[in-house]
Amino acid sequence: MKELCRGIFFAPTVIPAKLCVPGEKKSSFADAIAGGTDGKGELNMLKVQILTDNRTEKRGLLAEHGLSLWIEKDDKVILFDTGQSGVFVHNAKVLGLQLAQVEYIVLSHGHYDHCGGLAYFPQQDKAPKIYLHRDALQKKFAANRSVGSYREVGIPPQTVTQAWLKEALVLNKEPLEIAAGILVSGGIPCSQDGAEQPQGFYLEGANGQFLRDLMLDEQMLIIEDAGELAVFLGCGHPGVSNCLNYVRKLVPGKKIKLLIAGMHLEKVSSLRLEESIRQISELNITKVVPVHCTGLRAMTAIQASLGEHCQLLCAGDQLEI
Ligand SMILES: [Fe+2]
Ligand SMILES: [Fe+2]
């Protein structure tokens with residue numbers, strides 16, 4: 001085991017034997033889903049329940065600035081992000097979901113509102129594997145523009161202090177198929193469109209200076225279901241359309257039937273918002289669910305544009321595909 005600067009231990013970086021690399025003839029992931037599982041008597045079920053979101057409308061549930069999704073794919077349960085606190089644990093209990101069933105935890109990027117809740121995940125006899133981009137452990141900051149200061153927004157240092165959590169961590173950088181038809185995208189290449197690149201986030205340089213953070217540690221969860229794709233995106237810092245373009249490179253020729261995404265469109269210009277919605281519309285995604293940091297203005301604009309293909313959900317809501 002190797003020790004990181006903040007006392008976090010990690011398992012060796014996993015170099016996947018079967019990568020989905022853009023430009024290669026066909027990945028094992030693409031191969032696997034080319035055949036699909038339809039008509040073979042196998043399971044084909046995808047169910048999503050929102051555990052943590054910025055909003056909730058259900059009695060007894062809590063909300064916070066953050067995201068956590070309970071995902072059932074056939075016989076597997078995946079937790080995508082953990083919010084910033086134990087809210088997801090509380091909500092799972094109220095909703096009757098057993099966190100002991102979680103086999104994989106996929107953390108989208110190194111911000112507190114997606115990873116901070118990990119410290120509250122109840123210890124299990126058999127720990128779930130926890131996937132995180134290896135650069136997500138860097139110290140991260142956001143600018144307080146009005147006062148010219150910076151605040152820490154990275155993974156709180158106390159998040160991964162328990163031995164069982166440290167041992168369960170798998171740090172990746174490249175695309176990684178964690179189970180048949182379940183892909184963690186690895187880092188998303190930065191958009192060529194400057195307007196879509198993340199603004200206002202910083203890393204700490206070697207001399208303590210603030211360097212622009214292009215959020216190259218953000219990664220998506222992509223699940224094949226019945227020959228089509230479901231895409232889960234935490235904050236969409238690399239730009240939602242840039243992320244979707246990368247999905248199409250990783251898994252060419254497959255329709256995206258579901259996108260559940262924090263899209264980080266709250267403060268973008270009207271022009272940028274229109275352009276993002278236009279690009280999402282062009283993909284003919286069957287169901288788009290903007291959540292978390294998308295922002296109410298953007299959510300309502302997306303719904304106005306996509307109509308029945310957009311669904312506004314919050315903590316406690318369930319979606320069966
Ligand atoms: Fe974020
Ligand atoms: Fe976020």
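Where is the place of G116? In this predicted model, select G116 and you will find that residue in the loop between helix α3, residues 112–115, and strand β7, residues 129–133.

Stay with G116 for a moment and consider its surroundings. A residue is called buried if 20 or more other C-beta atoms lie within 10 Å of its own, and because G116 has 23 C-beta neighbours inside 10 Å, G116 counts as buried. Next, add Q84, S85, I155, P156 and T159 to the selection, since these are the residues in contact with G116 once its neighbours within four places in sequence are left aside. You can also select D81, which is 35 residues from G116 along the chain, and see that the C-alpha atoms of D81 and G116 are separated by 9.0 Å.

Now move to helix α2, which covers residues 87–94, and colour V87, F88, V89, N91 and A92, which are buried. If you then show strands β3 (46–52) and β4 (68–73), you will see the elements against which the buried residues of α2 pack. Just after α2, select G96, whose phi is positive, at about 75°.

For the last stop, select strand β8, residues 140–144, together with strand β9, residues 149–152, which pair in the antiparallel sense over four bridges. Within this pairing, pick N144 and then look across to S149 in β9, which is the bridge partner of N144. The hairpin of β8 and β9 has four residues between the strands, and in this hairpin you can select G148, which takes a positive phi near 65°.

Conventions
Residues numbered from 1 in each chain as written. Chains lettered and ligands numbered in written order. Predicted model: local features only at pLDDT ≥ 70, side-chain atom pairs only at ≥ 80, totals over all residues. Buried ≥ 20, exposed ≤ 12 C-beta atoms within 10 Å, placed from the backbone. Helix = DSSP H or I, 4+ residues; strand = E, 2+ residues; numbered from the N terminus. Contact = placed C-beta atoms within 7 Å. Pairing = 2+ DSSP bridges.
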